[in-house]
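Please open the model in your viewer and keep the selection panel at hand. The tour below proceeds stop by stop, naming at each one what to select and then what is there.

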Amino acid sequence: MGDILLSIRGLKVYYYTLTGPVRAVDNVSMDVYKGDWVSVVGESGSGKSTLALAIMGLVPPPGRVVGGSIVLDGIDLTRLEREELRKIRGSMIGMVFQDPMTALDPLRKVGDQIADVYLEHGVTDDREEARMMAREALEAVGVPGDRVEYYPHQLSGGQRQRVLIAAAIALKPKLLIADEPTTALDVIVQAKIMDLIDELRRKMGMSVLLITHDIALAAERSDRIAVMYAGKLVEYGRVDEIVEDPLHPYTEALLASAPDLWGPREIKGIPGNPPDLRDPPTGCPFHPRCPLAKPVCREKEPRVTIINGRVVACHLHG
Ligand SMILES: Nc1ncnc2c1ncn2[C@@H]1O[C@H](COP(=O)(O)OP(=O)(O)OP(=O)(O)O)[C@@H](O)[C@H]1O
Ligand code: SF4
Ligand SMILES: [Mg+2]
């Protein structure tokens, strides 16, 4: 185990909608080690993106961080003013979103958009120099330097995603957060983008937080996997332990529902749907769908327990 880069404790992020608060992230605690690749997995609506946005300080209204702390390299991000946070974004944390088309300005050349990062963070105040840096940054992510003159629509989906990665890592952040960065791409391009992220991580010693609904992808790439269900962290641990011996029934169900990477296996869907986070079930939020539920599961929420360094929240353990 190395040094901790990011330490999240008791984080709560709620969206205050007209029909009541949505507890999108509810009491989540986890650590990310320096240089580690952590994947956050879970079904749609489990709070993965909200967790990522909270780390970036970008939770949109009506959402709000209502409790807990997010400590990055000794700094509690939840206590920073907007301007301080803006500086940390980009310089210490880079972020890549799912859809490069919405993240890029369609009317501006990609080189200018990467150059903005250097200008905004005061690396240089000379636009020409910033453009040169953008060219180098593009080459570093495997896009020919002359593409600085291209508009987003003139690039392929994979190249656009590389442009976003170039912008995200321009200032050599310590943490790269990628939220479903390859969902819109075909599997071959997806693998190449994942290879690129891994190569950059190793070269720069950066940590990666990958948000994905694809547990097979997570299993292939990560050092650690965090499993979210209904806004809660239900299991967190080393990838080999999670894949070979999942402790939480939901993790087991997710693994069983994934196309198998390690030999033929029957693929099973998870019956039922994730709960409405405005009115989550009592006790363990997974109990209506859990094949191993006991009477206590309906009544009492399981505590987060640490067993041999593994984190799990289930009445079957601890
Ligand atoms: N702006 C918003 N206003 C109100 N509720 C929101 C908002 N954004 C997200 N939510 C709710 O918060 C919960 C968590 O959403 P979030 O987008 O974090 O999940 P996710 O795990 O990223 O899902 P997906 O896999 O579909 O991207 C969901 O119930 C969602 O409906
Ligand atoms: S606490 Fe109970 S319902 Fe929840 S996952 Fe564990 S066994 Fe299933
Ligand atoms: Mg999401």
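What follows is a walk through sheets, helices, pockets and a loop of a predicted model.

**The four-stranded sheet**

Begin by selecting residues 4-17, which make up strand S1, and then add strand S2 at 20-33, strand S4 at 63-72 and strand S5 at 75-76. Together these belong to an open sheet of four strands, ordered S2-S1-S4-S5 and paired in the antiparallel sense. At its edges lie S2 and S5, each of which pairs on one side only.

Between S1 and S2 the antiparallel pairing extends over 11 bridges, and a convenient pair to label is Ser 7 with its bridge partner in S2, Asp 31. Turning to the other neighbour of S1, you will find that S1 and S4 run antiparallel and are joined by eight bridges; here Tyr 15 has Gly 63 of S4 as its bridge partner.

Now move along to the junction of S4 and S5, which run antiparallel and are joined by two bridges, with Leu 72 standing opposite Ile 75 in S5. These two strands form a hairpin with two residues between them, and Asp 73, which sits in the turn, has a positive phi of about 50°.

Next, select residues 48-56 to bring up helix H1, which lies across S1, S2 and S4 and runs at about 115° to S1.

**The second largest pocket**

With H1 and S4 still displayed, which residues lie closest to the centre of the second largest pocket? Select Gly 57, Leu 58, Val 59, Val 65 and Leu 85, which are the closest to the centre among the 17 residues that line this pocket. The elements that give two or more residues to this lining are H1, S4 and H2, and the largest share, four residues, comes from S4. The space in this pocket amounts to about 420 Å³, and its lining residues divide into 10 nonpolar, three polar and four charged.

**The eight-stranded sheet**

Leave the first sheet and select residues 93-96, strand S6, together with residues 175-179, strand S7. Both are members of an open sheet of eight strands with mixed pairing, in the order S6-S7-S8-S3-S9-S10-S12-S11. The edge strands of this sheet are S6 and S11, the latter at 305-307, and each of them pairs on one side only. If direction is ignored, neighbouring strands in this sheet are turned against each other by 20° on average.

S6 and S7 run parallel and are joined by four bridges; Ile 93 has Leu 175 of S7 as its bridge partner, while Met 95 has Ile 177. In a regular strand, side chains alternate between the two faces of the sheet. In S6, Ile 93 and Met 95 point one way and Gly 94 and Val 96 the other, and all are buried.

Further along the sheet, select residues 249-256, helix H10, which lies across strand S3 (37-41), strand S9 (224-229) and strand S10 (232-238) and runs at about 105° to S9.

**The largest pocket**

Return to S6 and select Met 95, Val 117, Glu 120, Ala 167 and Ala 168, which, of the 24 residues lining the largest pocket, are the closest to its centre. The volume of this pocket is about 580 Å³. Helix H2 (82-91), S6, helix H4 (110-120) and helix H6 (157-168) each supply at least two lining residues, and the largest share, five residues, comes from H4. By class, the lining of this pocket divides into 14 nonpolar, four polar and six charged residues.

**The cavity and a loop residue**

For the enclosed space, select Cys 284, Cys 290, Cys 297, Cys 314 and His 315, which are the closest to the centre of the largest cavity among the 14 residues that line it. This cavity has a volume of about 90 Å³, and the count of cavities of 30 Å³ or more comes to one. Its lining divides into 10 nonpolar residues, three polar and one charged.

Finally, select Asp 276, in the loop between H10 and helix H11 (295-299). Is Asp 276 buried, partly exposed or exposed? Its relative accessible area is 42%, so Asp 276 is partly exposed. To close, draw a distance between the C-alpha atoms of Asp 276 and Val 187, which are 89 residues apart along the chain and separated by 32 Å.

Key. Residues are numbered from 1 along each chain as its sequence is written. Chains are lettered from A and ligands numbered from 1 in the order in which they are written. This is a predicted model: local features need pLDDT of at least 70, side-chain atom pairs count only at pLDDT 80 or more; totals for chains, interfaces and linings use all residues. Side-chain values use heavy atoms; hydrogens and water are left out. Two strands pair if DSSP finds at least two bridges between them. Contact means heavy atoms within 4.5 Å. Axes are lines fitted to C-alpha atoms, for helices over the stretch in contact, and angles run from 0 to 180 degrees between N-to-C directions. On a 1 Å grid over the protein atoms alone, a cavity is a set of points where a 1.4 Å probe fits but cannot get out, and a pocket is an open set with protein on both sides within 12 Å along at least five of seven lines; lining residues have an atom within 4 Å of a point. Grid points are joined across faces, edges and corners, and a volume is the space filled by probe spheres set on the points. Ala, Val, Leu, Ile, Met, Phe, Trp, Tyr, Cys and Pro count as nonpolar, Asp, Glu, Lys and Arg as charged, and the others, Gly among them, as polar. Buried means under 20% relative accessible area, exposed over 50%, partly exposed in between (1.4 Å probe, protein chains only).
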